[in-house]
Amino acid sequence: MSIAHQKIQKSSGSVSVSGIGSGSLPGSGSRSGSRRRGRLPRAPRERGRGCDRGRSSLSALIHASPCSTFPYTNAFSAFIYPFISNWKNVIGDENCGYRVVTDFVFGDEHQWPEVRRRMLYESEHSTNLYVNLVGSEVRANDLVHRIHWPMDGPAPYVHWFETPDSLYIIANAFNMCVILIAQLGSTTMLPLYSYSDRPEDTLVIGLLTEQQHFIQLQLNDMCPIPPLHIQWIHHRSEWVSNWADSYQHRIADWNVRVVRNRK
């Protein structure tokens, strides 16, 4: 019986905030297939729109905004705001985490079922890796169950995007550096394995804890970034073992700012 069809139990210690339609899975030799990066504009014309009553409307338009109009002034540590050059909201239909990833990878948030498919493919073809990563088969089952949502519509709580575990699947499936910015639990995820010599891109996800919503952030070049997730050190392959080197000075800058921010 595959890990996706075994009994699922609720895991603890993770944050779930925010589903699989038709289409083919990537081939066995493909890492991520064709991509169209959803780059945020440097000089957007419209102001970003927040989430009404905690989540944006199903019919809400996507807007981009410079940091000067960023409405979530208490969502992150104060020192990170000067480094936010842009942001992008997505529809808040309980698939928002997948929508953020989809918009960045494909340039169209409405293709979020494809991201779920590719995450499911990655998790089911690297079962032992994720069992070791999350600590038990029960938690690995729960993670796969969350990803597997075969409906085109708002996802129930048990199928919301989960951090930090889902971030590793994203990093591995798309060979990306994934940075999570949040009030608590900010972290940087690198792929645990790869067929390339470096991550192909960097996705920055903002977690709005009070709104239970994910948004996409754009940070300035060479800005401070949060520390690497501890599990990367323990479970990464030898091929990517030196990938952390190029991020160390930015992580050190983050750690210094965190200490200053506490004073």
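**Exercise 1. Burial in an ionic pair**

Task: In this predicted model, classify Arg99 as buried or exposed, then do likewise for Glu109, and describe how the two interact.

Solution.
Step 1. Arg99 has a relative accessible area of 6%, so it is buried, since the cut-off for buried is under 20%.
Step 2. Glu109 has a relative accessible area of 1% and is therefore buried.
Step 3. Arg99 and Glu109 form a salt bridge, with 2.8 Å between the closest N and O atoms.
Step 4. Place the partners. Arg99 belongs to helix α1 (residues 96–106), and Glu109 sits in the loop between α1 and α2 (112–124). They are ten residues apart, and the pair links distant parts of the chain.

**Exercise 2. Two helices, one bridge**

Task: Which residue forms a salt bridge with Asp165, and which helices hold the two partners?

Solution.
Step 1. The partner is Arg139, and the closest N and O atoms are 2.9 Å apart.
Step 2. Asp165 lies in helix α5 (residues 165–174), while Arg139 lies in helix α4 (residues 137–147). The separation is 26 residues.
Step 3. Check burial on each side. Asp165 has 8% relative accessibility, so it counts as buried. Arg139 has 23%, so it counts as partly exposed.

**Exercise 3. A bridge within one helix**

Task: Where do Arg257 and Asp253 lie, and how many residues apart are they?

Solution.
Step 1. Both are in helix α7 (residues 248–262).
Step 2. They are four residues apart, about one turn of the helix.
Step 3. Their side chains meet in a salt bridge of 2.9 Å, N to O.
Step 4. Arg257 is partly exposed at 25% relative accessible area, and Asp253 is partly exposed at 26%.
Step 5. Widen the view to shared partners. Asp93, Arg99 and Glu109 are joined into one network by salt bridges. The count of salt bridges comes to eleven.

**Exercise 4. An enclosed strand**

Task: Why is strand β8 (residues 213–219) described as largely enclosed, and which strands join it?

Solution.
Step 1. Count the buried residues. Seven of the seven residues of β8 are buried, so the rest of the structure largely encloses the strand.
Step 2. Sort the side chains by direction. His213, Ile215, Leu217 and Leu219 point one way. Phe214, Gln216 and Gln218 point the other way. All are buried.
Step 3. Find the neighbours. Strand β3 (residues 84–88) runs antiparallel to β8 and is joined to it by four bridges. Strand β7 (residues 201–208) also runs antiparallel to β8, with five bridges.
Step 4. Match residues across the strands. Trp87 stands opposite Leu217. Leu207 stands opposite Phe214.
Step 5. Inspect the turn. The hairpin of β7 and β8 has four residues between the strands, and Gln212 takes a positive phi near 50° there.

**Exercise 5. A pocket and the whole chain**

Task: How many residues line the second largest pocket, and how do they divide by class?

Solution.
Step 1. The second largest pocket holds about 230 Å³ of space. It is lined by 13 residues, and those closest to its centre are Ser77, Gln183, Trp254, Val258 and Arg262.
Step 2. The lining has six nonpolar, six polar and one charged residues.
Step 3. Set this against the chain. The protein chain has seven helices and eight strands. Of its 263 residues, 55% are buried.
Step 4. Finish with the surface. The chain exposes about 12,200 Å², and carbon and sulfur atoms supply 51% of that area.

Definitions and conventions. Residues are numbered from 1 along each chain as its sequence is written. This is a predicted model: local features need pLDDT of at least 70, side-chain atom pairs count only at pLDDT 80 or more; totals for chains, interfaces and linings use all residues. Side-chain values use heavy atoms; hydrogens and water are left out. On a 1 Å grid over the protein atoms alone, a cavity is a set of points where a 1.4 Å probe fits but cannot get out, and a pocket is an open set with protein on both sides within 12 Å along at least five of seven lines; lining residues have an atom within 4 Å of a point. Grid points are joined across faces, edges and corners, and a volume is the space filled by probe spheres set on the points. Ala, Val, Leu, Ile, Met, Phe, Trp, Tyr, Cys and Pro count as nonpolar, Asp, Glu, Lys and Arg as charged, and the others, Gly among them, as polar. A salt bridge is a side-chain nitrogen of Lys or Arg within 4 Å of a carboxyl oxygen of Asp or Glu. Helices (H or I, at least four residues) and strands (E, at least two) are DSSP runs, numbered from the N terminus. Buried means under 20% relative accessible area, exposed over 50%, partly exposed in between (1.4 Å probe, protein chains only). Accessible areas come from the Shrake-Rupley method with a 1.4 Å probe; for residues, only the protein chains shown count as cover. Two strands pair if DSSP finds at least two bridges between them.
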